Structure formats: structure tokens, C-alpha cells
Amino acid sequence: MKGQVLLFFLVLVPRFVFGQVSYSIPEEMAKGSLVGNIAQDLGLDVKRLQAGRARIHTGDNVEYIQLNKEKGLLVIKEKIDREALCGQTTPCALHFQIALENPIEIFPVTVVITDINDNSPVFEREERRFEISESAVVGSKFMLEKAIDPDIGLNGLQSYTLKPNDNFILKMNSQSDGGKKVEMILQKSLDREKQEYGSLLLTAVDGGEPQRSGTMQIHITVLDANDNAPVFTQTVYKAEIKENSVNGTVITKVSASDADKGSNGEVSYVIGNSMRGLSNVFVITEDGHLVLNAPLDYEKVQKYEIYVEAVDRGGLSDSSKVIIDVGDINDNIPVIKIISSSISIGEDSPSGTVVAVMSVNDPDSDVNGKVGCRINKNTPFAITSTSSNFYSIITDSDLDRERASDYNITVTCTDEGVPSLSSSVTLNLQISDVNDNAPVFERSSYEAYIVENNTPGLSVFTVKATDADWNQNARVSYILEDSSVNGVPVSSYVSVSADSGVIHAVRSFDYEQIKDFHFRVRAQDGGSPPLSSNVTVKIMILDQNDNPPQVLYPVQTGGSLVAEMVPRSADVGYLVTKVVAVDVDSGQNAWLSYKLQKATDRALFEVGLQNGEIRTIRQVTDKDAVKQRLTVIVEDNGQPSRSATVIVNVVVADSFPEVLSEFTELTHDKEYNDNLTFYLVLALAVVSFLFITCLVVIISVKIYRWRQSRILYHSNLPVIPYYPPRYSDTLGTGTLPHVYNYEVCRTTDSRKSDCKFGRAGSQNVLIMDPSSTGTIQRIQSEKSILDEPDSPLEQKPPNNDWRFTQGQRPGPSGATGGPEVAMGTGPWPQPPTEAEQLQALMAAANEVSEATATLGPGTMGLSTRYSPQFTLQHVPDYRQNVYIPGSTATLTSNPQQQQATAQQATQQALPPPQASAQPEPPKAAQTPASKKKSTKKEKK
């Protein structure tokens, strides 16, 4: 193998060695040919290749080279074609890697593929033909196609040769892409009379060893010179064609002749541009046939005029005119246009109502354009012609929306052509509803069953009525008609849902009280006026085993004890007594059975399962106890079953005195047991009552204290101020030693409805000017209830418009002051007596209990105990409960004290009304309870 081997080693990291080896080989080497000794070139031992599992990695490329690990050689695996592998790219090389393991070593290998001259130049076509006129000038160029050689370099295409070269020479021009353009140039004039045909051979040659070449045959035909023009046989051609003729129909044929021979005598036909677009409607063949190429329409164009040209090969020509008449056929359907139409009409519309108006037109001519219209049958409509080409659709019978809610009216119009053509249009007409149908129930009557002891509100069943009308007229509402069942309105038994017709049980039924009842339900539509119908509904109550058996005999009484006597000589089957019981239920629920539950001696008595008879089952002996106690259980047959028990006392004795003694003992035992049970139940009830009472009292006290501390904090209720003239506190030295309180009246929407206890009236001094327009209040520094964080910080001053006459001021009922009182300088009303104070306290306590019922939003809670001269439109007579906003002062009515107060007031400098300070927020008023305590102290 000839080639040059280059070996490079590059050690990157320990145990990882990267080297590079390059080989150069020619293409087209046979399989198995040697590329190189890779083991030797890399300096590796063959055993290392085997132990390291040497392999070639080519990635995604085709593996042309394979490794022989036994010999350490690289050999050809697949035959390599350089042109297929790299094309015109140089150099052409294969890149792959040889990988070893333990330790890992990778060696890149490059194999360069060199070109050999294995491809000849090839022309795309084997021959080429030229037609050259004998009049062609010298120097005319004729382009020749290039040959293709896949090889490169010297092995590629190098030159062209042309033989013989008597009239033509070759010229090669280099191009920008490196290729060469080949041209054949006329160097000598042609003469058709000397040589009409010629043949040349073009050869392409490469530069390889051995040299390869390719050839192409060139055929040249010398053409005659054109000196005669074509001539048409007619100057004008006429033809007719129907408008429904198909494409390809031959209309006519034109003909022209040329005196020249050969190509100069050959004539071709073309359509001139006489009319725009005719070249698309008609075409002409080489032999002069005029052919239809597009559909014709008589309604658009009735005649065509076409100019046809005849041209020879030399470019000489002649022209002629072709006139084509288009014949009409019935090819247009009538055109229907709706001018006006109704979407819907009422079902009560009279006959002759116009539904739609339309126009009909047929663009065809003569009889092909005459049109007649009709509508589909079995419809309550008709079509009439109002004028030329106009038609109306009218109703010709009564309409019924319940029979047909809409109509599809199809109008068909047909012309008189042969064959006739028609078109149709469909109108959808809605019939609007009129309330002419009453609701109809699905059944003529209804029966429903419901088990007794049902839950109130239970759905029993549903009545259903339908209305043939539509929308609101078909909206059915269900109404329970007024009637009574056993003197009770049926509405207290059942109710009917107005929308769904569901019947609900209003109460829980008892089969033992009522077994069935009936009522009527009316179905009414929503039309105007409404229509209705009714139906009878019968409700059957089904029995439920809800009643236990009731024992009629023996009677169980608490005051006496009944005992049955059995003689000791009684035989087997002796009838002791019979338990008689009944069950108010019905059916199987009332079937009773009797069983012996307990007995002093079960071997002595038995009970009949069906009849309840108690009989002896053996002979009575002396060993049998005298007192026999039998417990008989009576069960019904319901599911689940219910039962009752009865105790039968039997005394085995032969004489009545013996029976009496035993009866007395039994009575005493029973009374003892009954008394013991009663006392146990009573004790339990008393203990429970005491516990609940204590719990309620504790909770009430807690709530009361909390309410007391929160009563005046969040109230938005306005107060009615009253300012007595010239009133001042005398520190308890006046003639009125009683402490008055304030009563706060609040509405039901207040958070609290109680009173706050205020401080003694002697703590504050309230001074009023005669005009009652300003106050001065001295408040001691100790904190009051209103100083709490959540209490209001400021209260608006009272309205000055609240002024009352002497008859409206607080005081004893009917008290009337003199002139000095009216002027604001008279004495305060006389203090109440002890009887009046007691009466006031009792009335106040009574009003607190009535506050919830008597107070409403916006009221002031005025009591009826006040003076009859004051109504809700007046200020009430509070008697002892005088409300003075902004002060807790103790009032006095002593004239001397009043005068002392007036003198004290004159000594104090009062500010002018406009500069007076705003009234302080009212302090908490005294309650009746605090007033009572203060009164007791005064007495002491």
C-alpha cells in the first residue's frame, strides 16, 4: 500500500491517551484491502488491542473501515465511492476513533480518500437538433449544453471538440462558478439548396489516466427563406351555436394556403384580440377548427365577432372575420324574491289574511320566460297573482296552533319552456297561540295512599295536567279548592304546590281517626282570561302498627286488686279466667296472640294462644302455693309487633274467707311497692328541680350584673331634657329630704334596657338662668360610671326648643302653679307622701316587666299611670321619677330652700347665653331601688 503515515501522540491525563493517525487511500478499493497497521502505528501490542476490547467508533456515519484485532490492521469493510461520499468537496476524509478499555484510551484516526478517474464526462441528452434558416448571418451563436464529470481535478472535464467544423466552430467561455459555457458559432453561410441536412459530433474529454470522454450528436436542418404570405379562402365566416353546447364543440372551420414550401408553407391559426376575453371562450386548432372552450349564456351575449389570423413559419400572416350567433334555450329557472313576509300570525286570524308578498322573474325569452306559481297542498293557505310577476300568499281557512304550531309553505314556480324549469322557496310561518284550551288532567280522578304517622310536609303524590296551548297560556298552576273534611278545612290536611302539582301532607295522619278523605284540585292556566279544570283526589290512609293492645279484662286498677280463685279440686283444663284485649289498629296489626310470660308455677297454668283463656294444665295439689301471680303478654301481629302485659292474681283456695286473707296480703304488698316507687321518683324530681333552679339563678345574676355595667354605653336614643327654673342643690339641708332618681326609657332596639345607678344628688350643683339657655355644673373629681373607656365621651346638648308650661312640668297630677311659678321663680312642687312613693315604686317595677311588650322602635315607653292630662303628644308626669339631663341633683320643693337657692344663684356670676359652656354628658340616674335606700336613711 502506498501512502504516508503520520503519527501524533498527546497525553492529556494519566491512563487516558489521545493520539492521532492519518491514512490516505484511493477510492474504489476492494473489500478486505489493507488501510494500515494501526497497532504498529500507535505503538500498541496486539494483545493490548484484544485485552482492551478495541473497537471503532464512527458515530452515526457508515462504517467503511473495520479493525482486525488479531493482527492489529485496519481493512476496507465497504467499497468507498468518493463521489457518493463527498461529491465535489475536497479533501474527502473519513474520521473515526479507536477506543480501548482498562485503562481507557482513545485514538482519533483520519482516512483521506483520493480521487481516481472512474467517471467519464456525460451529456444530459444524447442528441440535439437545430433548425437554422439559410438566411442566418455569419456569427450567429447557438448554445450547447455542458457535459458533467463527477471527478475532480485533472480527472474532471477539461475540453470539447466539434467535428466536422466546416460551417461551425466551438467557443468556450469561463463562468463565475468555475464552469465553462460552450457555444457553437456559425462561421460560414448556409445554403439549403446545397445541403439541407447536416450532422455534427460534440466530444467532451477529461484529463485523467486513462483519459475518458463523452459525446453528443448534433443534427442541423437548413430552412428555406419565406417569401409568400398565407391567404384565407373567405373573408367572413358565419356560424350558429346553442348556448347549452358543451366545451369542445366545433363551431366552424377556417382555411388559408401558403405558396411557399416546407416550413415556410406551413400555416398556423390564432385568434386576434378583437374582443376582450374571447381567447378564453373560443380556441382554434392548427388545422383551423374553431372550438368552444367555455360555457355560453344567451342572456349575457347573443352574438360574437371573432378575427382569426393565419401565420406561416416566417411570420407572414392574413386575417378573416368569424360571426357566431348564440341560440337561446330554456336554461334559466324562475327567480323568486320575497318582498315582505310575516314571521308569525295568530291562530285566530281571519281567512284572507296576507302572509307574504313575492316577485317572480325568468330571464329566458319568449315562452321560456312565462312563469306560473303554486303552493303545496294540505295547507290552509293559497297563492294569488296580484299583478305582473307579483304574487301574494293568503290564508284560506281557520288556523289551529294546537293542530299545527308552524307551517312550511313551499312556493313552486314553473316556466313554459321545453323542458320546463322550476324553482321553489319555503317560508316558515309560526302560529302564535291564543288561550283557547283548558288544562287537562292525565286522569279523571286520582287515588293515593299514605301510611299514617307520616312526617308533616311529606310528598304524597303528584297530579299532572297539561295544556295544549303554548308559553304563558300553557303554564299550569295548581290550586286546592276549598272544602272540609269532618268539619275541618281540607287545607289543614294537605297542600298543593302551585307549580309542580305535588301534594304534601300538612299534618300527621292517624288511621284510627280518619281512614280516607277526598278533595278537589283545580288546574288553571296563565292565559287571559284563564281557563281551568278540576279533578277529584282521594287519599287513603294506610294503617301502621302504632297502637299496642289494650287489656279490657282483667282490669288493672291502682286502688284495688282483683284475684281469681281456683278450688283445689279443679280438674285439668279448668278455666281460671280469660284475658280480653283489643287493638285499635286494623288488619294484621290487630291480630292478637296471648303468651304466659311469668308465673309462680308454670307447670300449673297455660294461656290460650288465640283466645287468651287461662286454664290449668294439671291437677291442683296441696303443695301448690296459695298465691299464684301470672304475667300474660298480649302481642299483635304488626311489624314491629307491639305488646301489653297484664298481671293476673290467682288464689288457690276452697273458701271465700281464705281468699279474702290472701287478697289483703297481696294488696298490702302492692301498696308498699307503689308507695316506694312514688317516693323515689318524687325525690329525683325535687333534686333535679333544685339543681336547675340554682343554675338558672347563677346565670341570671351574672347576666344582670353585666347588663348593669353596660346599659348606657351604646345607646343612641335621644333624651328629653327638662330644666327646672333656678334649681340648685342645697346639700341635703332643704325641706325635701328625699332623694329623687332618674328613669331612663329606651326602645326595644337598644342593647340594654335597664337603668344605671347614679350618685347622690348632693354631689353636683346645677344652676339654671331664668331663660333656661345655659347651665353651670360643678362636678367633683371622683370617677363615675360614664368615665369607663367604652362610654360616650360627649353628649350633645339638649334641644332648647323643649320647653313646657307649668301644667306640663313634672309634679303631682293636676298641679297648677301660680304666676310666679309660670315665670320660673315659684316653689318646686310639694314632696310626695309615703303612700305616693310606695305607689311609684310598685308602678316602676310593673313597668319594667312590661317594657318588652310596650316599647317599640321610636317610642319613649310612657306609662299609663301618669297624669291623664299628658298623652303621647305631651310630656308625661313622672311623679317621683324626674329626669334632668346632665345632673344627678336632689330636687327640693321647700319655698324657703327655693329662695335660698335663688339667692345663692344671684351671687354667682352667670356667663351670657352665647358664651355658656356646653352641657356635660348626663350622669347616671338613680333607680327606684337606690331611691328606696336613701329614703330609709332619711327616716333614720
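**Exercise 1. Which residues do ring pairs link into a cluster together with Phe441?**

Solution. The model is predicted, so that local features need pLDDT of at least 70 and side-chain atom pairs count only at pLDDT 80 or more, while totals for chains, interfaces and linings use all residues. Residues are numbered from 1 along each chain as its sequence is written, and side-chain values use heavy atoms, with hydrogens and water left out.

Step one is the pairing rule: rings of Phe, Tyr and Trp (its six-membered ring) pair if their centres lie within 6.5 Å, with planes under 30 degrees apart counted as stacked, over 60 as edge-to-face and the rest as tilted. By this rule the count comes to 14 aromatic pairs. The rings of Phe130 and Phe142 have centres 5.8 Å apart and planes at 70°, so this pair is edge-to-face. Phe441 and Tyr446 also form an edge-to-face pair, with 6.3 Å from centre to centre and 75° between the planes.

Step two is to follow the links: ring pairs join Phe441, Tyr446, Phe461 and Tyr478 into a cluster.

**Exercise 2. Determine which parts of the chain the pair of Phe130 and Phe142 ties together, and classify the burial of the paired rings' residues.**

Solution. Strands (E, at least two residues) and helices (H or I, at least four) are DSSP runs, numbered from the N terminus. Phe130 lies in strand β10 (residues 127-133) and Phe142 in strand β11 (residues 141-144), so the pair ties together parts that are 12 residues apart in sequence.

For burial, the classes are buried under 20% relative accessible area, exposed over 50% and partly exposed in between (1.4 Å probe, protein chains only). Phe130 and Phe142 are both buried. Phe441, with a relative accessible area of 10%, is buried, and Tyr446 is buried at 4%.

**Exercise 3. Find which residues glutamate 145 touches, and which backbone nitrogens its side chain reaches.**

Solution. Begin with the location: Glu145 sits in the loop between β11 and β12 (147-148), and at 17% relative accessibility it counts as buried.

Next come the contacts, meaning heavy atoms within 4.5 Å. When residues up to four places away in sequence are not counted, Glu145 touches Phe123, Glu124, Arg125 and Met216. The C-alpha atoms of Glu145 and Val182 are 6.9 Å apart in space, although these residues are 37 apart in sequence.

Finally, consider polar contacts (pairs of N or O atoms within 3.5 Å; within protein, one must be able to donate a hydrogen and the other to accept it, and residues adjacent in sequence count only if both atoms are side-chain atoms). The side chain of Glu145 reaches the backbone nitrogen of Glu124 at 3.3 Å, and a polar atom of that side chain lies 3.1 Å from the backbone nitrogen of Arg125.

**Exercise 4. Describe the surroundings of arginine 401, and then identify the charged residues that lie over the faces of Tyr493 and Tyr511.**

Solution. Arg401 is found in the loop between β32 (390-395) and β33 (406-415), where it is buried with a relative accessible area of 9%. Leaving aside neighbours within four places in sequence, Arg401 is in contact with Glu347, Ile431, Ser432, Asp433, Ala468, Asp469 and Trp470.

A charge sits over a ring if NZ of Lys or CZ of Arg is within 6 Å of the ring centre and within 35 degrees of the ring normal. Arg507 lies over the face of Tyr493, at 4.3 Å from the ring centre, and Lys515 lies over the face of Tyr511, at 4.9 Å from the ring centre.

**Exercise 5. Locate the cis peptide bonds that precede Pro103 and Pro419, and the positive phi values of Glu28 and Asp366.**

Solution. The peptide bond from Asn102 to Pro103 is cis, with omega near -5°, and Pro103 is placed in the loop between β7 (92-100) and β8 (105-114). The bond from Val418 to Pro419 is likewise cis, with omega near -10°; Pro419 is found in the loop between β33 and β34 (422-432).

Turning to phi, Glu28 has a positive value of about 65° although it is not a glycine. Glu28 is in the loop between β2 (16-26) and β3 (34-37) and, at 25% relative accessibility, counts as partly exposed. Asp366, with phi near 55°, is in the loop between β29 (354-361) and β30 (371-375) and counts as exposed at 66% relative accessibility.
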